[in-house]
Amino acid sequence: MPATPRSGAETQDALDTDLGWTLGVVFRSYVRTANTLVSHLPGGPRGYQVLVAAVEGLPGGQGALAQRLGVDKTVMTYLLDDLEKAGLVERRPDPADRRNKRVVATERGRATWTDTRARLEHAEDHVLAPLDPADRAVFRELLRRLAVRANSLDPEHDTCRLVEELDPDGAPPKPRRSARG
C-alpha cells in the first residue's frame with residue numbers, strides 16, 4: 001500500500017525532530033553570519049581562531065596550535081605570516097623552549113579580537129534568539145560537552161580538508177571513503 005501523503009505541518013514536525021536536519025539548519029545559519037563577520041581577517045575563520053588563541057595565550061608553540069586547530073603546519077605558517085603582516089600577532093621564542101615559537105597577540109590584534117568578538121556575540125544572540133538566557137547557557141554547555149566528546153572520539157586533524165568537503169551552502173561533509181574505495 002503506498003504511503004499516505006502528509007500535510008506540510010506533519011512533514012515539518014518530522015523534520016523538526018530530526019537531529020541531522022536541525023543541526024544543519026543551525027550550523028548554516030551561524031556559519032553564514034560568522035564567516036561574513038571574520039572575512040576582514042587574514043585567513044577568515046581560521047585567522048580568527050588563531051587570533052583567539054593568541055589573545056588567550058594558549059600554551060604551546062606554533063606546531064601545537066596548528067595541531068589543536070586542525071590546520072596543516074605549512075598552512076599555519078602562511079596564515080601566521082599573513083596575521084603578522086596585518087599587525088595582529090607576533091611570533092616570539094617560547095621561554096620554556098626557545099626552539100618553539102609562541103603566537104602572541106599585538107595590541108592591534110587584541111583590539112581587533114575585542115571588536116570581532118562583540119560582533120560574533122551579536123550574531124550568536126540572533127541565532128539563539130528563541131532561547132531565554134538560562135536556556136542559552138544550558139544549550140552552550142550541552143553543546144560544549146558533545147563537541148569535546150566527539151572531538152576526543154574522532155579528532156579532525158585537517159580542518160582545511162573538512163572545509164573543502166562542505167558544499168557552498170554549508171552542508172555537512174560528504175562521508176569519508178574507505179581506503180578500499
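This is a short tour of the helix packing in the structure you have open, one selection at a time.

**The whole chain**

Before you zoom in, keep in mind that this is a predicted model. Show the chain as a cartoon and you should find eight helices and two strands. Trace the cartoon along the sequence and the order reads α-α-α-α-α-β-β-α-α-α. Switch on a surface next: the accessible area comes to about 12600 Å², with 57% of that belonging to carbon and sulfur atoms. Of the 181 residues, 26% count as buried. If you like contact maps, here is a number to go with one: among contacts with a separation of 6 or more, 51% are between residues 24 or more positions apart.

**Stop one: α4 and α5**

Select residues 62-69, which make up helix α4, and residues 73-85, which make up helix α5. Two values are worth having for any such pair: packed helices are described by the angle between their axes and the distance between the axes. Here the axes come within 9 Å and cross at roughly 110°, which means α4 is roughly perpendicular to α5. The crossing is right-handed.

Now show side chains. On the α4 side, pick Q62, L65, A66 and L69; they meet K73, M76, T77 and L80 of α5. Color this contact by class and you get five nonpolar, two polar and one charged residue.

**Stop two: α3 and α6**

Next, select residues 44-56 for helix α3 and residues 107-127 for helix α6. How do these two cross, and at what angle? Their axes come within 10 Å and cross at roughly 120°, so α3 counts as oblique to α6. The handedness of this crossing is left-handed.

For the contact itself, light up Y48, L51, V52, V55 and E56 in α3. Across from them, α6 brings G109, R110, T112, W113, T116, R117 and L120. Sorted by class, the contact holds six nonpolar, three polar and three charged residues.

**Stop three: α2 and α6**

Keep α6 on screen and add residues 19-38, helix α2. The two helices pack at an angle of about 155°, and their axes are 10 Å apart. An angle over 145° counts as roughly antiparallel, so that is the label for α2 and α6. Their crossing is right-handed.

Which residues of α2 take part? Select V26, S29, Y30, T33, A34, L37 and V38. Their partners in α6 are T116, R119, L120, A123, E124 and V127. Two names may ring a bell: T116 and L120 are listed in the contact with α3 and also in the contact with α2. By class, the contact of α2 with α6 splits into eight nonpolar, three polar and two charged residues.

**Last stop: H126**

Stay on α6 and click H126, which lies in that helix. Is this histidine buried or exposed? H126 has a relative accessible area of 59%, so it counts as exposed. To finish, draw a distance from its C-alpha atom to that of Y30: the two are 96 residues apart along the chain, yet the separation is 9.0 Å. Y30 is one of the α2 residues you selected for the contact with α6.

Notes. Residues numbered from 1 in each chain as written. Predicted model: local features only at pLDDT ≥ 70, side-chain atom pairs only at ≥ 80, totals over all residues. Heavy atoms only, no water. Axes fitted to C-alpha atoms, helices over the stretch in contact; angles between N-to-C directions. Helix = DSSP H or I, 4+ residues; strand = E, 2+ residues; numbered from the N terminus. Parallel < 35°, antiparallel > 145°, perpendicular 65-115°, else oblique. Left-handed = near helix turned anticlockwise from the far one by under 90°. Contact = heavy atoms within 4.5 Å. Nonpolar A, V, L, I, M, F, W, Y, C, P; charged D, E, K, R; others polar. Buried < 20%, exposed > 50% of the residue type's maximum accessible area, 1.4 Å probe, protein only. Areas by Shrake-Rupley, 256 points an atom, 1.4 Å probe, with all protein chains shown as cover.
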